[in-house]
Amino acid sequence: MSSAASDSDKAPSFEKTWGSSTSSGYCSADDSDSEFEQFFTAKTSFFTKTQKCKPPAKKDEATECGKQELSTGDVQKQVKEYNSQINSNLFMHMNKDGSYIGFIKVQFKLARPVSVSSSPKKAFSEKRRSGVKRRTSFYLPKDTSKHLHISSHTSAREVIEALLKKFTVVDNPAKFALFERRERHEQVYIRKMSDTERPLPLRLSAGPSQKVLSFVLKENETGDVNWHAFSMPELNNFLRILQREEEEHVKQILQKYAAARAKMRDALQGSTPG
């Protein structure tokens, strides 16, 4: 699979994220930290509020159409119509066997940090010195997106694996899920795709508009977080992130009440008994 740069909204690249300094909203662990893990975290809460989306009253016609098996002639007509609606080079192309290839754009909406491996040379040298392979955990910036070049046979699970590979994410692909997002009548409908569903036929059926249909990568929420699915370094990272967030919240609360007390004392000093 190959990737292409976004034509309209240029998403922040992995290199820019990795090179970010503390002034960009990211912070790193102290240099004196003896742990084998480093992490970068944005100012966002580890616990996120669950957003409920209103389920559609009836099955989406474009979704159902995208699941139907079309004849080669019908697919050719749809591909031609699709290509006539885009103003970039992200065209779809037919193959001789009746399948087709094209691009999909996937937006990342991750609430928890992801783990990436170090560069091959750096990881090898570090492993030789310490016997432990270093990994880094950090929050992906909001609205990060990626274009993937896939075929009509590519499944949602394969898309997830390709995205993780692009960003060198070493987390288990089962922790993530691909979602279909649609906007209709000023309402947003989100549906979790099964691992075997194929995104490109949905893209072809819906057309190139990102409002009509877009794909989102999110955590595979099945209820409570299954902490046993995480590795020990990941759990240690999460504990440190929680500690930092707790300290920040405590600091904000203390400052809030201190300011309130100061205002009350000023009011008492300025008031006259009566």
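**Helix 5 and its surroundings in a predicted model**

Good morning. I shall begin with helix 5, residues 156-166, in which Ala 156, Arg 157, Val 159, Ile 160, Ala 162, Leu 163 and Leu 164 are buried. Please bear in mind throughout that the model is predicted. On the spacing of such positions, a general remark applies: an α-helix has 3.6 residues a turn, so residues three or four places apart point the same way.

What do the buried residues of helix 5 pack against? Their partners are strand 3 (100-108), strand 6 (145-151), strand 7 (176-184), helix 6 (199-206) and strand 9 (214-219).

For context, the chain contains 7 helices and 9 strands. Of its 274 residues, 35% are buried. Among contacts with a separation of 6 or more, 72% join residues 24 or more positions apart.

I turn now to the nonpolar core. The largest one has 34 residues, and the members that touch the most others are Ile 104, Val 106, Val 159, Leu 178 and Phe 215. At least two core residues come from each of helix 3 (72-84), strand 3, strand 4 (114-117), strand 6, helix 5, strand 7, helix 6 and strand 9. Helix 5 provides the largest share, 6 residues. As a general matter, nonpolar side chains in soluble globular proteins tend to be buried together.

Phe 215 deserves a separate word. Which residues does Phe 215 contact once its neighbours within four places in sequence are set aside? They are Ile 104, Lys 105, Val 106, Gln 107, Leu 178, Phe 179, Met 193, Pro 199, Leu 202 and Arg 203. Of these contacts, Ile 104, Val 106 and Leu 178 also appear with Phe 215 in the list of core members that touch the most others.

Next, the strand pairing. Strand 7 is joined to strand 9 by 6 bridges in the antiparallel sense, and Arg 181 stands opposite Ser 214 of strand 9. Strand 7 also runs antiparallel to strand 8, residues 187-192, again with 6 bridges; here Phe 179 faces Lys 192 of strand 8 as its opposite residue.

Strands 7 and 8 make a hairpin with 2 residues between them. Within that turn, His 185 has a positive phi of about 55°, although His 185 is not a glycine. Is His 185 buried or exposed? With a relative accessible area of 76%, it is exposed, because the cut-off for that class is over 50%.

A second residue of this kind follows directly after helix 5: Thr 168 has a positive phi of about 50°. Thr 168 is likewise a residue other than glycine, and it sits in the loop between helix 5 and strand 7. Its relative accessibility is 33%, so Thr 168 counts as partly exposed. In general, most residues other than glycine have a negative phi.

Finally, the internal spaces. There are 3 cavities of 30 Å³ or more in the structure, and the largest holds about 110 Å³ of space. Its lining consists of Arg 112, Pro 113, Val 114, Ser 115, Ser 137, Asp 171, Lys 175, Phe 176, Glu 219, Phe 230, Glu 234 and Phe 238. Strand 4 and helix 7 (232-270) are the elements that contribute two or more residues to this lining. By type, the lining residues comprise 5 nonpolar, 2 polar and 5 charged.

To close where I began, helix 5 supplies 6 residues, the largest share, of the largest nonpolar core, and its buried residues pack against four strands and a helix, strand 7 and helix 6 being among them. Thank you.

Key: Residues numbered from 1 in each chain as written. Predicted model: local features only at pLDDT ≥ 70, side-chain atom pairs only at ≥ 80, totals over all residues. Heavy atoms only, no water. Buried < 20%, exposed > 50% of the residue type's maximum accessible area, 1.4 Å probe, protein only. Contact = heavy atoms within 4.5 Å. Core = buried A, V, L, I, M, F, W, Y, C linked by side-chain atoms within 4.5 Å. 1 Å grid on protein atoms, 1.4 Å probe; cavity = no way out; pocket = protein on both sides within 12 Å on 5 of 7 lines; lining within 4 Å. Points joined across faces, edges and corners; volume = space filled by probe spheres on them. Nonpolar A, V, L, I, M, F, W, Y, C, P; charged D, E, K, R; others polar. Pairing = 2+ DSSP bridges.
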